[in-house]
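Colleague: Please take a close look at the sheet in this model. I would like one connected account of how its strands are arranged.

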Amino acid sequence: MTSETMNEQETSLVVQEIVKRIGSKRADLIPVLQEVTNQFGFISQPVIKELSALMSLPTKEINSVATFYRMLSTQPRGRHVVQFCESAPCHVVGGREVFSSLKQALALEPGQTSPDNKWTLLTTSCLGVCGVGPVILIDTDTYGNVTPEQVKEILSRYE
Ligand code: FES
């Protein structure tokens with residue numbers, strides 16, 4: 001079942017199960033929000049309200065955590081999330097050209113989702129694999145030593 005096919009009650013049950021499994025303390029908030037993102041693709045306002053009640057935390061606090069971390073999102077994301085490393089070590093080995101090619105191929109700017117909901121483009125700081133920069137992360141797949149010419153072919157693997 002996807003988040004789009006879940007009604008309010010089913011969503012609520014899933015959220016309750018996540019909090020029960022991970023915990024309801026303030027320190028559990030980030031892992032809980034991460035799991036909500038995994039299950040629903042993003043953290044909706046009704047889910048934030050539900051978490052507020054279950055975890056006894058103000059919605060404002062949950063909202064600010066949910067919007068602070070790039071791995072979390074309060075907006076629906078595309079089926080594939082493309083993250084481009086914009087840190088200096090990747091930048092100096094040709095990252096700028098790869099990023100241009102990526103933006104052009106997707107017709108997106110960072111933070112945008114394609115109208116068909118297929119792609120979301122994000123930038124990220126160092127992914128810890130600087131030795132093989134420039135680096136692109138698509139969902140959980142890491143691509144290193146990417147050249148501008150390879151971008152289209154890499155994206156085509158997700159057709
Ligand atoms: S700087 Fe890009 S992976 Fe480290």
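Modeller: Among contacts in the protein between residues at least 6 apart in sequence, 61% join residues at least 24 apart. A contact here means two C-beta atoms, placed from the backbone, within 7 Å. The model is predicted: local features need pLDDT of at least 70, side-chain atom pairs count only at pLDDT 80 or more, and totals for chains, interfaces and linings use all residues. Residue numbers start from 1 along each chain as its sequence is written.

The protein has six helices and four strands. These are DSSP runs, numbered from the N terminus: helices are H or I with at least four residues, strands are E with at least two. Along the sequence they follow α-α-α-α-β-α-β-β-β-α.

Now the sheet. It is open, has four strands in the order 2-1-3-4, and its pairing is mixed. Strands 2 and 4 (141-143) are the edges, each pairing on one side only. Pairing requires at least two DSSP bridges between two strands. On average, neighbouring strands are turned by 20° against each other, direction ignored. Axes for such angles are lines fitted to C-alpha atoms, for helices over the stretch in contact, and angles run from 0 to 180 degrees between N-to-C directions.

Take strand 1 (residues 80-85) next. Six bridges pair strand 1 with strand 2 (residues 119-124), in the parallel sense. The chain gets from strand 1 to strand 2 through helix 5 (residues 88-106), in a right-handed β-α-β crossover. Right-handed means that, with the strands pointing away from the viewer, the path from the first strand over the helix to the second runs clockwise. Helix 5 lies across strands 1, 2 and 3, and runs at about 150° to strand 1.

Strand 1 also pairs with strand 3 (residues 136-138). That pairing is antiparallel, over three bridges. Strands of a sheet pair through backbone hydrogen bonds, either parallel or antiparallel.

Single residues make this concrete. Val-81 has Thr-120 as its bridge partner in strand 2. Phe-84 stands opposite Thr-123 in strand 2. In strand 3, Phe-84 has Ile-136 as its bridge partner.

Finally, the overall frame. The C-alpha trace spans about 50 × 30 × 25 Å along its principal axes. Of the 159 residues, 23% are buried, where buried means 20 or more other C-beta atoms, placed from the backbone, within 10 Å of the residue's own.

Technical notes
Buried ≥ 20, exposed ≤ 12 C-beta atoms within 10 Å, placed from the backbone.
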